[in-house]
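Thanks for passing this one along; here are a few notes to read with the model open beside you. I have kept each point short.

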Amino acid sequence: MTAQTETAAPPRTPHRIPLWANPRIGLVVLLVVLVVLFSVLRPAFLNTRLTLTPLQSDISVYLVVGLAQLSVLSLGHMNMAVGRMAATSAFTMGLVHDKLGAGLVLSLLAGLAAGALLGALAGLIISRTGVNSFVVTLAMDFALAGLITILYTGVTGGVAFPTMPAAMTSLRFDTFADYCLGDVCGPRVPLVVPFAVLAALLVGLLFRYSRLGREILMTGASPRAAELSGIPTKTRIVQAHALSGLLAALAGFLLAANNGAFSASVGDSFLLPSFLAPVLGGTLLVGGAVSVLGAVLGATLTQVIYKGLNLLQFQLDELQLYIGLVLLAALSLDRARHVLAQRRGSRP
Amino acid sequence: MTLTAASRATLPGRHLWRTPEFTLGVIAVAGFLALAVATGGNLLSAGTLGAFFRFLAVPIVIGLSQMVVLAVGQMNLSVGALTGFCAMASAWLMLEAGLPAPLAVLAALLLGLAVGVGNGALVVLTRINGFIVTLATMTIIQGLRYGVNGPDTYQGYSAGLREFGRASILGLPAVFLVAVAVAVLVALFFGRTVTGRQLLASGGSPFAARLSGISHDRSLIIAHGLSGLLAGVAAVLTVAASGSVNATIGDDLLLPSFAAPIIGGVALAGGMVSVTGTLLAAFLIRLVDVMQAQFGINPRWVDLIIGAVVLGAVLLGTVRAKLQERST
């Protein structure tokens with residue numbers, strides 16, 4: 001949002017914000033309360049095989065989706081096309097495997113490259129024309145939504161590829177408990193989890209320690225100041241969007257692994273969760289600040305709520321209602337906490 | 001016409017044929033004629049032409065509903081869901097509560113207005129970005145919309161209302177005329193009323209507007225309220241024109257609601273609106289729709305084309321702005 005990025009760079013509060021005002025602590029407390037509540041109401045919530053293992057797969061997918069959004073939120077931009085970028089990448093993976101007979105690694109790399117290219121294209125249009133990222137990615141979403149169905153119908157004659165790499169079946173069903181070294185077996189953690197953990201670690205390291213990440217954040221905080229400090233802001237915009245596309249592609253791959261097929265519907269439900277995870281975790285829409293740990297907590301919280309309400313046999317409509325209410329409540333509380341903390345801090 | 005906070009007199013040498021609306025108008029007329037020729041005049045037959053304009057009504061109103069919040073630099077992601085919710089609520093009032101049609105229509109409008117004001121109040125009170133607030137309320141409203149009647153369809157409500165949906169005046173469908181009347185009212189609101197000018201002023205520069213004594217908070221609440229009211233109007237038109245409603249109404253309205261004003265030349269940053277541009281853009285999108293139906297093209301091509309047109313429109317806008325900069 002141009003209007004916002006210009007007035008961005010929220011005045012940094014000179015005093016330290018007290019610990020209790022840290023939004024991450026609030027999320028952890030909320031998470032613990034909800035887990036206890038759900039386990040008391042439905043003891044099946046703690047069943048490893050039925051609940052906890054699938055829950056970890058879901059969290060992995062939506063964490064990566066959240067990271068895809070987070071990498072452009074760092075600029076104060078949005079990526080409305082996360083879902084379609086994921087779908088287009090999943091199509092590429094399916095195509096490379098099904099038609100060219102490539103294995104898992106090669107298909108995955110091709111898909112990631114397709115996602116990164118799409119993201120870079122969005123970034124290129126945004127940085128060259130100066131048009132709002134919302135419009136560009138929304139139009140891209142429109143265009144890709146049409147393209148994906150046409151491509152699937154044209155190539156497969158249906159809405160999904162009939163085959164997928166054999167290794168993806170193990171990604172779908174296996175946990176580390178199925179792999180043993182002598183008598184020592186791993187925990188019941190699905191094989192998709194390391195992908196998400198690795199992605200979160202790398203994105204966290206990027207924004208915290210690398211020059212590239214810091215420069216992207218500075219571009220987000222104040223494009224003009226960054227430009228004047230000699231940061232190639234246009235290149236940084238392209239790179240951040242390419243990262244977003246890459247992560248969207250990874251999320252598409254993980255979801256396809258969970259679902260067991262490269263299908264046209266991959267990514268359909270990505271848009272709302274992509275904002276939920278980072279925004280609940282304290283990432284600002286105006287850019288200049290991200291919290292990867294917050295995104296991890298945000299994604300976990302959302303999926304715990306979904307799973308818990310599902311177990312309590314809530315209907316789809318009630319589920320949506322409560323997710324919306326939780327989002328509003330969490331954000332309002334966050335706001336109230338922030339205001340309180342500032343008032344306390346400004347008192348001599 | 002494009003209405004900005006600045007008066008038109010400050011743009012000397014801006015001739016009619018250089019406005020984006022003129023370009024859009026030419027494309028619209030040319031496209032319409034081309035399609036009429038390509039279909040062998042089938043488009044001009046009374047039945048096809050009636051259907052063309054009947055299903056243009058809702059896209060116009062929903063585009064205006066988004067435009068009103070864009071004017072103050074906000075977005076309303078809940079327009080589509082709200083349209084569906086108001087439609088379901090009014091059908092419920094007529095069928096299950098037994099209210100007469102006029103009361104149900106009024107209730108749908110009031111419901112839209114109330115939800116819109118609620119959106120605005122949340123934005124003002126919490127200071128959370130309007131995008132996130134309406135994303136959350138969209139999710140909530142989707143739940144409520146489904147909650148009215150589950151997956152079932154309402155039909156067979158007030159005969160008078162459905163009659164109105166099918167009626168034509170001078171060859172043009174009544175619902176289309178209502179949409180045009182609403183557009184005229186919105187244009188007058190932004191062009192002639194103090195409140196409308198204040199909305200544009202606070203959209204253009206909240207800070208400058210505040211210094212001139214305009215409450216930005218008030219503008220936000222008014223804009224969101226008006227957006228909700230227009231979503232209510234769209235709901236009434238849907239109920240009248242379609243003859244049956246279910247919980248999926250509004251799902252396919254969110255993206256067109258942005259496409260119409262953006263192709264029409266409304267800036268996302270706020271401070272300017274273009275009612276004519278939004279109308280013409282909605283017309284163009286409808287034209288693509290009809291083309292798809294007439295030639296039996298895969299409907300997915302329509303999404304692809306509209307996406308490309310939106311991107312093309314913004315690119316064209318930037319090129320034009322650069323050329324103008326260079327020529328001055």
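**Notes on a predicted model**

1. A good place to begin is the end of a helix in chain B: α6(B) is followed by Gly150(B), a residue with a positive phi, near 60°. Please bear in mind throughout that this is a predicted model.

2. The helix before that glycine is worth a look along its length. α6 of chain B covers residues 130-149, 20 residues in total, and the distance from its first C-alpha to its last is 29 Å, close to the 28 Å expected at 1.5 Å a residue. Is α6(B) mostly covered or mostly exposed? It is mostly covered, since 18 of its 20 residues are buried.

3. One partner of that helix is α4 of chain B, residues 79-95. The axes of α4(B) and α6(B) are 9 Å apart and meet at an angle of about 25°. An angle under 35 degrees counts as roughly parallel, so α4(B) and α6(B) are roughly parallel to each other. The crossing of α4(B) past α6(B) is left-handed.

4. If you would like to display this contact, α4(B) contributes Ala81(B), Leu82(B), Gly84(B), Phe85(B), Met88(B), Ala89(B) and Trp92(B). From α6(B) come Met138(B), Ile141(B), Gln142(B), Leu144(B), Arg145(B), Val148(B) and Asn149(B). By class, the contact of α4(B) with α6(B) holds 10 nonpolar, three polar and one charged.

5. A second helix pair in chain B is arranged in another way. Helix α3 (residues 57-71) and helix α12 (residues 254-263) of chain B pack at about 75°, with 8 Å between their axes; α3(B) and α12(B) are therefore roughly perpendicular to each other. Among the residues that meet here are Ile62(B), Met67(B) and Leu70(B) in α3(B), and Phe258(B) and Pro261(B) in α12(B). The contact of α3(B) with α12(B) has eight nonpolar residues, four polar ones and no charged ones.

6. Now to the two chains together. How many residues of chain A are in contact with chain B? There are 37, and they touch 37 residues of chain B. On the chain A side, the elements giving two or more residues are α1 (2-6), α6 (133-156), α12 (271-280) and α14 (316-346). This side of chain A divides into 25 nonpolar, nine polar and three charged residues.

7. A last small point concerns Pro194(A), which lies in helix α8 (residues 193-209) of chain A. Pro194(A) counts as exposed because it has 12 C-beta neighbours inside 10 Å. Between Pro194(A) and Ser269(A), the separation is 75 residues in sequence and 22 Å in space, C-alpha to C-alpha.

Terms used: Residues are numbered from 1 along each chain as its sequence is written. Chains are lettered from A and ligands numbered from 1 in the order in which they are written. This is a predicted model: local features need pLDDT of at least 70, side-chain atom pairs count only at pLDDT 80 or more; totals for chains, interfaces and linings use all residues. Two residues are in contact if their C-beta atoms, placed from the backbone, lie within 7 Å. Helices (H or I, at least four residues) and strands (E, at least two) are DSSP runs, numbered from the N terminus. Ala, Val, Leu, Ile, Met, Phe, Trp, Tyr, Cys and Pro count as nonpolar, Asp, Glu, Lys and Arg as charged, and the others, Gly among them, as polar. The expected span of a helix is 1.5 Å times one less than its number of residues. Axes are lines fitted to C-alpha atoms, for helices over the stretch in contact, and angles run from 0 to 180 degrees between N-to-C directions. Angles under 35 degrees count as roughly parallel, over 145 as roughly antiparallel, 65 to 115 as roughly perpendicular and the rest as oblique. A crossing is left-handed if the near helix is turned anticlockwise from the far one by less than a right angle, and right-handed if clockwise.
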